[in-house]
Amino acid sequence: MPALFSLAGICLALWVLQQGIPLFIFPLVAMSGTLALVLLFTTQEKPGYWKGVALVVLVAGIGSAYISSRLSIDFLYPGETFQGQGYILLERPWGRRRALLIRTKKGTLLAKIPSQHGFIAGDTVEVAGTMLSLPSSGKNRSFHEDRYWKARGAVAEIVIGKVEKIESCRQFSLSGWRNMLVKRILLTQPPRTRGYLAAAWTGMKSPLLSSQHERWGTSHLLAVSGFHVSLFVSGLLLLLRSCLGRGFIISCAMWGYVLIAGAAPSALRAALMMQIALIGRCRGRPSQAVNTVSLAGMALLFWRPWWFWDLGWQLSMVAALIIAAALERGLSPVWWLSVGPAIWVTTLPLAAPIFGDVPLAGIVINLSAGPVFGVLYPLASFLALPSLLALPWGNWASQGAEGLFILWETWADSISRLIPVYVPWTPFWTAFAAGLLPLLIARSLRLSWRHSLAASLLLQCVMLWIVM
């Protein structure tokens with residue numbers, strides 16, 4: 001699994017980078033970390049071992065050098081004015097205002113405008129204003145706004161002096177299809193079905209559903225991720241079992257779905273994994289799950305290194321690595337029962353600083369959430385089709401999906417009331433998670449428990465030393 005160690009070395013260097021090391025020694029840290037991790041997880045040397053080690057370390061060095069060149073790009077436009085046309089890539093609420101990402105000849109600019117403006121993604125606008133550096137939330141805050149927007153392609157913020165729509169979103173553009181789909185869902189579906197399908201198909205989250213799933217510890221069900229992409233691809237594989245050229249058709253449909261759903265890092269990571277698996281399948285070469293996750297994660301970091309600090313990328317990668325480790329060990333019941341609690345433990349240090357205390361009930365609820373929504377999402381999508389297509393009696397089918405979602409909410413609420421405990425974040429959670437993840441991966445590599453525990457304990461000590 002060469003990509004795993006290259007990715008681990010690069011991530012280690014990025015994590016140390018935020019502790020204050022100079023950027024110019026970033027590649028050296030990545031290469032040293034990769035080499036140390038390879039040696040730490042080595043039990044025996046086979047023929048060609050050192051050539052393989054050299055290749056893995058070289059990949060980490062070249063990749064980290066490229067990433068450091070991307071991180072050193074100057075994003076500052078102090079006081080420079082801009083006037084010209086732009087294309088709205090993203091529109092979303094931001095506090096009491098609306099945040100726009102506008103693609104212009106100067107790059108993608110962040111604009112924050114009053115909420116009463118009626119712009120949508122896909123509109124072409126005439127914009128004028130003063131460009132500033134992206135806003136930073138400060139080193140003592142868990143959320144860094146500049147990194148958040150850089151991960152979405154922004155290069156600067158523009159203080160709007162004037163913004164006017166000069167062309168509405170075209171109907172046959174990607175944004176036009178997405179807006180049309182959102183409109184049809186909102187107009188034809190009952191409340192819960194509307195919220196779940198809008199989240200799964202377009203990435204648009206309902207505030208009510210979001211608050212409920214935060215209480216249940218199942219927010220990942222609303223964020224388009226590997227779970228949704230795998231459901232989509234699995235459905236196409238069943239429908240196109242005997243279709244000629246189905247690999248090409250599925251690839252095109254999958255990427256179209258990911259782009260319409262907002263191209264979140266978790267969805268892009270899953271699509272890259274699926275694409276690698278489809279290519280390997282066509283060539284008769286099965287892929288290893290952990291290596292495929294690592295390769296997809298590295299590709300995203302090469303494209304936008306700021307995704308390393310994006311919560312969606314972090315949660316997606318941790319969950320995907322744990323699931324991949326379980327796949328490498330085989331489909332034993334013990335491993336699959338441990339996947340949910342392991343994901344809960346390892347993602348707690350990432351989610352708690354942003355969202356607050358994490359519900360303990362999430363461990364129990366998530367044991368059934370995956371299987372239930374693995375059936376519920378496709379079934380609700382099928383039942384919603386008649387009303388979306390304006391067919392007779394379509395509302396009856398949609399009401400059936402609504403009833404199923406109500407049953408789920410009733411069950412999840414009963415579990416959350418039964419276990420009304422919330423777990424806060426502490427530095428020791430970070431250290432524990434930093435040891436649990438490599439422990440599970442080491443076991444997926446068929447290392448002994450003694451070796452796996454020793455490597456895990458050493459990494460926990462390193463994490464505590466850096467954090468403290």
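A nonpolar core is a set of buried Ala, Val, Leu, Ile, Met, Phe, Trp, Tyr and Cys residues joined through side-chain atoms within 4.5 Å. Keep that in mind as you open the viewer, and remember that this is a predicted model.

**Stop 1: the largest core**

Start by selecting L14, V229, L301, F308, W313 and I322. The largest nonpolar core has 77 residues, and these six touch the most other members. Now colour residues 2–17, which form helix α1: this helix gives the most to the core, with 11 residues. In soluble globular proteins, nonpolar side chains tend to be buried together.

Next, zoom in on W313. Which residues does W313 touch, once those up to four places away in sequence are set aside? Show C11, P265, G297, L300, L301, W307 and F308, and you have the list. Of these, L301 and F308 are also among the core residues you picked at the start of this stop.

**Stop 2: a second core**

Now select A199, A369, A384 and A401. They are included in a second core, which is separate and has 27 residues.

**Stop 3: a glutamate in helix α15**

Highlight residues 394–418 to see helix α15, then pick out E409 within that helix. Is E409 buried or exposed? Its relative accessible area is 6%, so E409 counts as buried, the cut-off being under 20%. To see what surrounds E409, display R192, Y196, L209, Q212 and W216; E409 is in contact with each of them, leaving aside its neighbours within four places in sequence.

**Stop 4: along helix α14**

Move to helix α14, residues 361–388, and find L379 there. L379 is partly exposed, with a relative accessible area of 35%. Add V375, F382, L385, L389 and L391 to the selection: together with L379 they make a nonpolar surface patch of about 580 Å².

While you are on helix α14, click on G370, which also lies there. G370 is partly exposed at 28% relative accessible area. Try drawing a distance from its C-alpha to that of T218: the two residues are 152 apart in sequence, yet 9.5 Å apart in space.

**Stop 5: the cysteines**

How many disulfides does the structure hold? The count is 0. Two cysteines are worth a click here. C169 is buried, with a relative accessible area of 18%, while C252 is partly exposed at 44%. C169 falls on the buried side because its value is under 20%.

Terms used:
Residues are numbered from 1 along each chain as its sequence is written. This is a predicted model: local features need pLDDT of at least 70, side-chain atom pairs count only at pLDDT 80 or more; totals for chains, interfaces and linings use all residues. Side-chain values use heavy atoms; hydrogens and water are left out. Patches are made of residues with over 30% relative accessible area and no salt bridge: like charges are joined within 9 Å, nonpolar side chains (Val, Leu, Ile, Met, Phe, Trp, Tyr) within 5 Å. Accessible areas come from the Shrake-Rupley method with a 1.4 Å probe; for residues, only the protein chains shown count as cover. A salt bridge is a side-chain nitrogen of Lys or Arg within 4 Å of a carboxyl oxygen of Asp or Glu. Helices (H or I, at least four residues) and strands (E, at least two) are DSSP runs, numbered from the N terminus. Buried means under 20% relative accessible area, exposed over 50%, partly exposed in between (1.4 Å probe, protein chains only). Contact means heavy atoms within 4.5 Å. A disulfide is a pair of cysteine sulfur atoms within 2.5 Å.
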